Amino acid sequence: RYFKDLFWTPENIDLKINYSPVLSREKIPTIEEGYIQQILINKNIELRDSIVYACGSNDMIKDSKNKLIAKGLPDNNFYSDAFVTSN
């Protein structure tokens with residue numbers, strides 16, 4: 001949500017990945033703002049060849065999975081860790 005929540009940058013390791021930080025609650029000129037699932041859809045990324053790792057609320061996970069699969073992401077290429085509230 002916020003810049004302070006970003007703990008990793010791709011400069012730390014030599015990996016062949018596309019890293020695009022997205023913030024949903026803070027505006028920083030060099031970082032995209034919004035929800036990651038919508039950013040992926042807006043970028044017209046070929047989701048058929050993608051793998052998604054998502055962490056967040058259960059509602060966010062469900063929404064992301066449904067939207068991305070509808071846009072071509074294979075169901076078995078979506079991995080998630082939903083945060084749930086404990087009592």
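Here is a short chat about a predicted model and some of its side chains.

Me: Hi! Which residues make up the largest nonpolar core?
Reply: Happy to help. That core has nine residues: Leu40, Ile41, Leu47, Val52, Ala54, Ile61, Leu68, Leu73 and Phe78.

Me: And which elements each supply at least two residues of this core?
Reply: Those are H1, S3 and helix H2, the last of which covers 58-70.

Me: Let's pick one core member. What does Val52 touch, not counting residues up to four places away in sequence?
Reply: Val52 touches Leu68, Leu73, Asn77, Phe78 and Tyr79. Among them, Leu68, Leu73 and Phe78 belong to the core as well.

Me: Tyr79 caught my eye. How many aromatic pairs are there?
Reply: The count comes to one aromatic pair. Its partners are Tyr53 and Tyr79, and the pair is stacked, with 5.3 Å centre to centre and 20° between the planes.

Me: Why does 20° between the planes make it stacked?
Reply: Because planes under 30 degrees apart count as stacked.

Me: Where do the two rings sit in the fold?
Reply: Tyr53 lies in strand S3 (residues 52-57) and Tyr79 in strand S4 (residues 78-83), so the pair ties together parts that are 26 residues apart in sequence.

Me: Is Tyr53 buried or exposed?
Reply: Tyr53 is exposed, at a relative accessible area of 64%. Its partner Tyr79 counts as partly exposed, at 42% relative accessibility.

Me: New topic: helix H1. Where does Gln37 sit, and what is it in contact with?
Reply: Gln37 has its place in helix H1, which runs over residues 36-42. Leaving aside neighbours within four places in sequence, Gln37 is in contact with Met60, Asp63, Ser64, Lys67 and Leu68.

Me: Buried or exposed, that Gln37?
Reply: Gln37 counts as buried, at 5% relative accessibility. The cut-off for buried is under 20%, so 5% falls within it.

Me: What about Ala70?
Reply: Ala70 is found in helix H2, and it is exposed, with a relative accessible area of 65%. Ala70 and the core residue Leu47 are 23 residues apart in sequence and 9.9 Å apart in space, C-alpha to C-alpha.

Me: Over to the surface, then. Which residues make the nonpolar patch?
Reply: Phe3, Leu6, Ile17 and Tyr19 make a nonpolar surface patch of about 340 Å².

Me: Where is Phe3, and how much of it is accessible?
Reply: Phe3 lies in the segment before strand S1 (22-23). Its relative accessible area is 45%, so Phe3 is partly exposed.

Methods: Residues numbered from 1 in each chain as written. Predicted model: local features only at pLDDT ≥ 70, side-chain atom pairs only at ≥ 80, totals over all residues. Heavy atoms only, no water. Patch = residues over 30% accessible without salt bridge, like charges linked within 9 Å, V, L, I, M, F, W, Y side chains within 5 Å. Areas by Shrake-Rupley, 256 points an atom, 1.4 Å probe, with all protein chains shown as cover. Salt bridge = Lys/Arg side-chain N within 4 Å of Asp/Glu carboxyl O. Helix = DSSP H or I, 4+ residues; strand = E, 2+ residues; numbered from the N terminus. Buried < 20%, exposed > 50% of the residue type's maximum accessible area, 1.4 Å probe, protein only. Contact = heavy atoms within 4.5 Å. Phe/Tyr/Trp six-rings, centres within 6.5 Å; stacked < 30°, edge-to-face > 60°. Core = buried A, V, L, I, M, F, W, Y, C linked by side-chain atoms within 4.5 Å.
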